[in-house]
Amino acid sequence: MKKLTIGSIQKRKSGVPLVMITAYDALFARLFAESADILLVGDSLNMSFGGNPDTLSATMDQMIYHTAAVCKGASETFVIADMPFGSYIDTTSALTNAMRVYRETPADAVKIEGGADKADLVRHLTANGIAVCGHIGLLPQAVRAEGGYKVKGKSEDEALSLIADAQAIEQAGAFIVVIEGVKADVATRVAQSVSIPVIGIGAGNGVDGQVLVFSDMLGLYEPFVPKFVKQYMNGAALVKEAVKNYADDVKQRSFPDENHVY
Ligand code: KIV
């Protein structure tokens with residue numbers, strides 16, 4: 001598949017929905033690249049791969065390590081790197097850390113959580129040559145401050161505030177925005193209120209594309225399956241069965257057999 005650019009991504013507004021999926025390493029990135037338009041190196045890796053209860057302890061060094069690996073596995077796919085919690089507390093730290101992503105990896109863009117409150121920061125990054133993906137609605141990095149993962153857009157006030165967030169992020173120069181955990185009808189209104197693509201996760205079908213965390217949609221992450229996740233395979237069961245078969249073979253000395261020796 002031909003690598004998308006910011007221009008070709010933006011042309012997909014209201015067109016064929018954009019397919020985004022998270023990737024954390026070269027191995028899976030190479031597999032996903034055949035069908036995905038955009039790979040997101042999400043800080044969700046801190047949970048599924050790092051074994052942590054939330055995304056907050058992910059570091060800049062870790063994100064850069066994983067982003068570089070994803071880019072190696074999928075050099076012909078547009079890659080967005082998540083900026084981890086605490087890496088964009090002001091415009092100076094945001095630019096310093098975003099520049100690290102560009103200098104130390106070939107990633108195409110960075111993602112920042114937050115709405116109108118982050119508009120100045122997004123403006124500063126885009127003015128300095130960084131392509132920014134916004135992230136509004138349910139913000140995983142706010143889980144401790146908000147006391148849990150809370151679906152947004154349940155009242156008209158929240159709906160108007162989400163529309164204002166998306167518009168502020170667009171005006172600040174973001175080329176795309178992720179909307180997470182928002183009532184479907186409100187997410188549709190948000191998508192209709194801006195001219196940049198709005199990519200939904202748990203936000204219904206009225207947006208310009210979808211993103212899923214790959215370990216969720218492949219059924220690999222067992223601790224919790226969010227309601228909005230469709231599992232396209234039962235990865236956990238398949239992996240466990242394969243490893244059990246291997247263990248049985250080893251114990252019975254049926255592996256390696258004559259086909260698997262030098
Ligand atoms: O970290 C991540 O995987 C994300 C998605 C939930 C959009 O930000």
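This note goes through the fold, surface and nonpolar cores of the protein chain.

1. The model is predicted, so that local features need pLDDT of at least 70 and side-chain atom pairs count only at pLDDT 80 or more, while totals for chains, interfaces and linings use all residues. Residues are numbered from 1 along each chain as its sequence is written, and side-chain values use heavy atoms, with hydrogens and water left out.

2. The protein chain has 11 helices and eight strands, taken as DSSP runs (H or I, at least four residues, for helices; E, at least two, for strands) and numbered from the N terminus. Its radius of gyration, taken over C-alpha atoms, is 19 Å, close to the 18 Å of the globule rule for 262 residues, so the chain is as compact as a globular protein of that length; the rule is 2.2 Å times the number of residues to the power 0.38.

3. Of the 262 residues, 51% count as buried, that is, under 20% relative accessible area with a 1.4 Å probe, protein chains only. Among contacts (heavy atoms within 4.5 Å) with a separation of 6 or more, 60% join residues 24 or more positions apart.

4. The largest nonpolar core, a set of buried Ala, Val, Leu, Ile, Met, Phe, Trp, Tyr and Cys residues joined through side-chain atoms within 4.5 Å, has 61 residues, and Leu39, Met83 and Leu125 are among those that touch the most other members. Helix α8 (residues 156–171) gives the most to this core, with six residues.

5. Beyond its neighbours within four places in sequence, Leu125 contacts residues including Ala94, Val110 and Ile130. A second, separate core of 17 residues includes Phe78 and Val211.

How values were computed. Buried < 20%, exposed > 50% of the residue type's maximum accessible area, 1.4 Å probe, protein only.
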